[in-house]
Amino acid sequence: MSHVAYWLTVWLFAVGLYGVVTSRNYVHMIMCLSVVQSSTYVLILEVGYRHGSTAPIFLDVPVGTPAVDPVVQSLVLTDVVVGVVVGALLLSLALQAHKRTGTLDPHDLRTLVG
Amino acid sequence: MNAAGAVQIVVMTLVAGFALGVVLTREPLHQAIVFALFGLVLGVLFLVVQAPDVALSQIVVGAVAWPAMVLFTLAKARERERRNGRGRR
Amino acid sequence: MTTRARFVLMAAGIAGLAALLVWGTGGLQPFGHGQSKYAAYLNANAVHQRHATNVVSAVTFDYRGFDTLGEEFILFAAVMGVTLLLRSQLDERDDAPRDRAEGRRAVDTSDAVRVAALGLIGPSVLLGLYVVAHGTITPGGGFQGGVVLAAAPLLLYLSGRYLLLKSVHPMHALDLTEGTGAGGFTVVALTGAAVGSAVMANFIGKGQMGSVFSGGTLPVFNVLVGLEVAAGLTLVLYEFLEQTLVVRRS
């Protein structure tokens, strides 16, 4: 399936972006943003994948066994955990906006400010 | 096409489908559940591309931490709206 | 601009972006073929150089440790931001109305959920500690184990023992633990520069391969990151809980 696998990341990015743009609720928007973010995870991991390889853990397989790229996994695994805390920051910003304006809808917020 | 490739195609299709589901579910409370499922399937995808470390953090984060935070946020927002009389000014 | 015009513009933009991305990924190696020289080098040498069978852990806390130091502080700053934003919203407690109608009370948690949650606290703590401790050997480490550990207080909440959690005033302890994790990480990283060759240099003996203490500084970093992630995420969840409980108790 050569390059077709990369189209999944394009799909995730485009669909998530569509959700962010058309969203009528900040909480909904934040989850869509997280879908966009996950497209980067999928892309990075797919770049590091190699057919017929094991995970880069050499506990019960000897060193020298073909293994996938450990660098990309390290990048993604830290970002998954940091991403959820940054998501919490976004959610609390949404709550703050809700406190100030009484709504979670970006459209209403726009008219309030303008 | 071997078995691993077939499993990868199936899981990738599931991820694509659930991503669409997350975006199209407009009610945030329902969306949180679809989003948790999306996180789980994403974790399975990481597992089938031989990334168990990432899968471990993704499954816990996607199925526990994200939905919990979203539910707490919605609970707070709803309670506040009820208290302020339908919220909108 | 009308809503319709905006929608058309957005659709065209996203379609164009998607086309560009599809074209761009066409320049990559086909999926499942080829590997960077860096990855090949690490897979061939990391186990002997660092005595860590989990190469991902060795990359996270040693070869690319500087990145992780940065991530660590993103996490720290984000937790601080959440705490600041949410604590400033706590003042709504006082103006809560007392006239809650009888039928509007929140439904009590069922006993089955309480018992299940209570019974799962022990195993989740055990699993979290195991994942943190064995990060250099098997899949896992501070980041993953910390998240698992942070699930335990959530189970405590589900089991209806939240007031028990609150009675020990965990906020300060959590602040302190999170700070210890982040500060300790920095101290160990800088010690590498003082004792060894560079920041994050692995300056402790590498130990017996496959043992919990193998990998030199790797298990130290794993434990410190586990502390920070567990405390940070628990603090975030606790702050969100405080918000909902403020309104529920009133």
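**Exercise 1. Contacts and fold of chain B**

What percentage of the contacts in chain B with a separation of 6 or more do residues 24 or more positions apart account for? State also the secondary structure and the spread of this chain in the predicted model.

*Solution.* Step 1. In chain B, residues 24 or more positions apart account for 46% of the contacts with a separation of 6 or more.

Step 2. The secondary structure consists of 3 helices and 0 strands, and the pattern along the sequence of chain B is α-α-α.

Step 3. The radius of gyration of chain B is 17 Å, whereas a compact globule of 89 residues would have one near 12 Å. Along the principal axes, the C-alpha trace of chain B spans about 60 × 25 × 15 Å.

Step 4. Of the 89 residues in chain B, 49% are buried.

**Exercise 2. The surroundings of one residue**

Determine whether B:Val11 is buried or exposed, and identify its contacts beyond its neighbours within four places in sequence.

*Solution.* Step 1. B:Val11 is located in helix α1 of chain B.

Step 2. The count of other C-beta atoms within 10 Å of B:Val11 is 20. A residue is buried if this count is 20 or more. B:Val11 is therefore buried.

Step 3. With neighbours within four places in sequence left aside, B:Val11 is in contact with B:Val41, B:Val44, B:Leu45 and B:Val48.

Step 4. B:Ala75 lies 64 residues from B:Val11 along the chain, and the C-alpha atoms of the two are separated by 33 Å.

**Exercise 3. The form of chain A**

Decide how the spread of chain A stands in relation to a compact globule.

*Solution.* Step 1. Chain A has 4 helices and 0 strands; from the N terminus on, its elements run α-α-α-α.

Step 2. For 114 residues the globule rule gives 13 Å, and the radius of gyration of chain A, at 19 Å, is well over that value, so chain A is more spread out than a compact globule.

Step 3. A box of roughly 65 × 30 × 15 Å, taken along the principal axes, is filled by the C-alpha atoms of chain A.

Step 4. Among the 114 residues of chain A, 61% count as buried. Of the contacts in chain A with a separation of 6 or more, 50% are accounted for by residues 24 or more positions apart.

**Exercise 4. Two helix pairs that involve α2(A)**

Describe how α2(A) is oriented towards α1(A) and towards α1(B).

*Solution.* Step 1. Helix α1 of chain A covers residues 4-22, and its axis comes within 8 Å of that of α2(A), with a crossing of roughly 165°. Angles over 145 degrees count as roughly antiparallel. The crossing angle thus makes α1(A) roughly antiparallel to α2(A). The crossing is left-handed.

Step 2. Residues of α1(A) in this contact include A:Leu8, A:Leu12 and A:Phe13, and those of α2(A) include A:Leu33, A:Val36 and A:Leu43. By class, the contact of α1(A) with α2(A) has 15 nonpolar, 5 polar and 1 charged residues.

Step 3. Between chains, helix α2 of chain A (residues 26-48) and helix α1 of chain B (residues 3-24) have axes that come within 9 Å and cross at roughly 155°. α2(A) and α1(B) are therefore roughly antiparallel to each other, and their crossing is left-handed.

Step 4. On the side of α2(A), A:Met31, A:Cys32 and A:Val35 meet B:Ala19, B:Val22 and B:Val23 of α1(B). This contact has 6 nonpolar, no polar and no charged residues.

**Exercise 5. Chain C and its two interfaces**

Set out the fold of chain C, then its contacts with chain A and with chain B.

*Solution.* Step 1. Chain C has 9 helices and 0 strands. Of its 250 residues, 38% count as buried. Among contacts in chain C between residues at least 6 apart in sequence, those that join residues at least 24 apart make up 72%.

Step 2. Between chains C and A, the contact takes 48 residues from chain C and 43 residues from chain A. The elements of chain C that give two or more residues here include α1 (3-25), α4 (65-87) and α9 (218-249). α4(C) gives the most, with 10 residues. By class, this side of chain C has 31 nonpolar, 15 polar and 2 charged residues.

Step 3. Towards chain B, 20 residues of chain C are in contact with 16 residues of chain B. On the side of chain C, α6 and α9 are the elements that give two or more residues. The residues of that side divide into 15 nonpolar, 5 polar and no charged.

Notes
Residues are numbered from 1 along each chain as its sequence is written. Chains are lettered from A and ligands numbered from 1 in the order in which they are written. This is a predicted model: local features need pLDDT of at least 70, side-chain atom pairs count only at pLDDT 80 or more; totals for chains, interfaces and linings use all residues. Axes are lines fitted to C-alpha atoms, for helices over the stretch in contact, and angles run from 0 to 180 degrees between N-to-C directions. Angles under 35 degrees count as roughly parallel, over 145 as roughly antiparallel, 65 to 115 as roughly perpendicular and the rest as oblique. A crossing is left-handed if the near helix is turned anticlockwise from the far one by less than a right angle, and right-handed if clockwise. Two residues are in contact if their C-beta atoms, placed from the backbone, lie within 7 Å. Ala, Val, Leu, Ile, Met, Phe, Trp, Tyr, Cys and Pro count as nonpolar, Asp, Glu, Lys and Arg as charged, and the others, Gly among them, as polar. A residue is buried if 20 or more other C-beta atoms lie within 10 Å of its own, exposed if 12 or fewer, and partly exposed in between; C-beta atoms are placed from the backbone. The radius of gyration is taken over C-alpha atoms; the globule rule is 2.2 Å times the number of residues to the power 0.38.
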